[in-house]
Amino acid sequence: QVQLVESGGGLVQAGGSLRLSCAASGTIFGVNDMSWYRQAPGKQRDLVAAVTSGGYTNYADSVKGRFTISRDNTKKTQYLQMNSLKPEDTAVYYCAAQIAVSRSYTRVYWGQGIQVTVSS
């Protein structure tokens with residue numbers, strides 16, 4: 001059973017910083033792309049940032065220059081460093097990862113979601 005567990009969310013003032021973590025556990029053969037999504041109330045879930053197994057990254061335009069995604073392959077963990085936070089960054093943040101549980105089977109797993117609230 002594979003699980004993704006997020007941590008690091010909370011309440012912060014505008015201009016502040018938070019660091020989200022997402023650790024994968026269980027029977028894991030390998031981890032491919034890892035990513036962060038967010039969903040604000042009444043809106044769809046959107047991609048925030050992604051990182052490949054080789055370390056290539058991409059970001060939503062709204063967070064470029066403020067957020068940084070990274071990963072520690074030895075710990076099967078990804079991070080999202082969020083700086084210069086704005087009230088519009090308020091959302092539930094979800095991590096996702098493409099995980100191989102065998103040589104022949106890979107699927108996307110999701111974390112449970114973690115609240116980030118930025119006050120003005």
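**View 1. Strands β7 and β8 pair up in the antiparallel sense over six bridges.** Everything here comes from a predicted model, in which local features need pLDDT of at least 70, side-chain atom pairs count only at pLDDT 80 or more, and totals for chains, interfaces and linings use all residues. Residues are numbered from 1 along each chain as its sequence is written, and side-chain values use heavy atoms, with hydrogens and water left out. Strands are DSSP runs of E with at least two residues, numbered from the N terminus, and two of them pair if DSSP finds at least two bridges between them. Here β7 covers residues 67-72 and β8 covers 77-82. Look for Arg71, which sits opposite Gln78 of β8.

**View 2. The side chains of β7 take turns.** In a regular strand the side chains alternate between the two faces of the sheet. On one face of β7 you'll find Phe67, Ile69 and Arg71, which are buried; buried means under 20% relative accessible area, exposed over 50%, and partly exposed in between, using a 1.4 Å probe and protein chains only. Thr68, Ser70 and Asp72 point to the other face and aren't buried.

**View 3. Two residues that aren't glycine have a positive phi: Lys76 and Ser84.** Lys76 is in the loop between β7 and β8, a hairpin with four residues between its strands. Its phi is about 55°. At 30% relative accessibility, Lys76 counts as partly exposed. Ser84 belongs to the loop between β8 and β9, and its phi is near 50°. Because its relative accessibility is 42%, Ser84 counts as partly exposed too.

**View 4. β5 pairs with β4 and with β6.** Five bridges join β4 to β5, and the two run antiparallel. Arg38 faces Asp46 of β5 across this pair. Six residues lie between the two strands of the hairpin, and Gly42 in the turn has a positive phi of about 80°. With β6 (residues 57-59), β5 makes three bridges, again in the antiparallel sense. There, Val51 stands opposite Thr57. That hairpin has five residues between its strands, with Gly55 at a positive phi near 95°.

**View 5. The largest pocket has a volume of about 160 Å³.** Rolling a probe the size of a water molecule over the atoms shows where empty space is left. A pocket, on a 1 Å grid over the protein atoms alone, is an open set of points where a 1.4 Å probe fits, with protein on both sides within 12 Å along at least five of seven lines; lining residues have an atom within 4 Å of a point. Of the 13 lining residues, Arg38, Ala40, Lys43, Asp46 and Glu88 are the closest to the centre. β4 and β5 are the elements that give two or more residues to the lining.

**View 6. The largest nonpolar core holds 32 residues.** A nonpolar core is a set of buried Ala, Val, Leu, Ile, Met, Phe, Trp, Tyr and Cys residues joined through side-chain atoms within 4.5 Å. Leu80, Met82, Tyr93 and Ile99 touch the most other members. β9 (91-100) is among the elements that give two or more residues, and its five make up the largest share. Zoom in on Leu80: neighbours within four places in sequence aside, its contacts (heavy atoms within 4.5 Å) include Leu18, Trp36, Val48, Phe67, Ile69 and Tyr93.

Technical notes:
Grid points are joined across faces, edges and corners, and a volume is the space filled by probe spheres set on the points.
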